[in-house]
Amino acid sequence: MTIPDIEAFEERAAIAQYDGGLSRSDAEDLAARAQGFPSADRYWEWLADYVVSRRLP
C-alpha cells in the first residue's frame, strides 16, 4: 500500500460534509473508502502506525 493522500482525504471529506450534507464522521468514512480503507478510524490508525514506525505497515 502507498502512503495515503491526506490532502485529498481532507478535501473529499469537506466536500461531502458541506456540499453533500453528511456528518463529519460519515464524510471521513467516505473519504477513507475512496483511498481503500474500510473506515476513517482505520485510515487514521494506519497513518499513526506509519508516523511512529516510519515504515509502511
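Select Ile6, Phe9 and Glu10 in α1 together with Tyr43, Trp44 and Leu47 in α3: these residues meet across the two helices, where contact means heavy atoms within 4.5 Å. The helices themselves are DSSP runs (H or I, at least four residues; strands are E, at least two), numbered from the N terminus. This is a predicted model, in which local features need pLDDT of at least 70 and side-chain atom pairs count only at pLDDT 80 or more, while totals for chains, interfaces and linings use all residues. Residues are numbered from 1 along each chain as its sequence is written, and side-chain values use heavy atoms, with hydrogens and water left out.

**The α1 and α3 pair**

Display the axes of α1 and α3 next. They lie 13 Å apart and pack at an angle of about 160°; axes are lines fitted to C-alpha atoms, for helices over the stretch in contact, and angles run from 0 to 180 degrees between N-to-C directions. That angle makes α1 roughly antiparallel to α3 (under 35 degrees counts as roughly parallel, over 145 as roughly antiparallel, 65 to 115 as roughly perpendicular and the rest as oblique). The crossing of α1 and α3 is left-handed, a term used if the near helix is turned anticlockwise from the far one by less than a right angle, with right-handed used if clockwise.

**The α1 and α2 pair**

Now keep α1 and bring in α2. The axes of these helices come within 8 Å and cross at roughly 135°. This makes α1 oblique to α2. The crossing of α1 and α2 is right-handed. To show the contact, select Phe9, Glu10, Arg12, Ala13, Ala14, Ala16 and Gln17 on the α1 side, and Arg24, Ala27, Glu28, Leu30, Ala31, Ala32 and Ala34 on the α2 side. Centre on alanine 31: leaving aside neighbours within four places in sequence, alanine 31 is in contact with Phe9, Arg12 and Ala13.

**The salt bridges**

The structure holds three salt bridges, each a side-chain nitrogen of Lys or Arg within 4 Å of a carboxyl oxygen of Asp or Glu. Begin with glutamate 10 and arginine 24, whose side chains meet at 3.0 Å, N to O. This pair links distant parts of the chain, 14 residues apart: glutamate 10 belongs to helix α1 (residues 6–18) and arginine 24 to helix α2 (residues 24–34). Glutamate 10 is partly exposed at 31% relative accessible area, and arginine 24 is partly exposed at 29%; buried means under 20%, exposed over 50%, and partly exposed in between (1.4 Å probe, protein chains only).

Stay on arginine 24 and add glutamate 28, since the side chains of these two residues also form a salt bridge, at 3.1 Å, N to O. Glutamate 28 and arginine 24 are four residues apart in helix α2 and so are separated by about one helical turn. Glutamate 28 is buried, with a relative accessible area of 17%. Not counting its neighbours within four places in sequence, glutamate 28 is in contact with Phe9, Ala13, Ala40 and Trp44.

Move to α3 for glutamate 45 and arginine 42, which meet in a salt bridge at 3.3 Å, N to O. Both lie in helix α3 (residues 40–53), three residues apart, about one turn of the helix. Glutamate 45 is partly exposed at 42% relative accessibility, as is arginine 42 at 31%. Elsewhere, salt bridges that share partners join Glu10, Arg24 and Glu28 into one network.

**The nonpolar core**

Select Phe9, Ala13, Ala16, Ala27, Ala31, Ala32, Phe37, Ala40, Tyr43, Trp46 and Leu47 to see the largest nonpolar core, 11 residues in all. Such a core is a set of buried Ala, Val, Leu, Ile, Met, Phe, Trp, Tyr and Cys residues joined through side-chain atoms within 4.5 Å. The elements giving two or more residues to this core are α1, α2 and α3, and the largest share, four residues, comes from α3. In soluble globular proteins, nonpolar side chains tend to be buried together.

**Proline 4**

Finish in the segment before α1, where proline 4 is found. Proline 4 is buried, with a relative accessible area of 9%. Show its surroundings by selecting Gln35, Phe37, Tyr43, Trp46 and Leu47, which proline 4 touches when residues up to four places away in sequence are not counted. A last distance to draw runs from proline 4 to aspartate 29: these residues are 25 residues apart in sequence and 14 Å apart in space, C-alpha to C-alpha.
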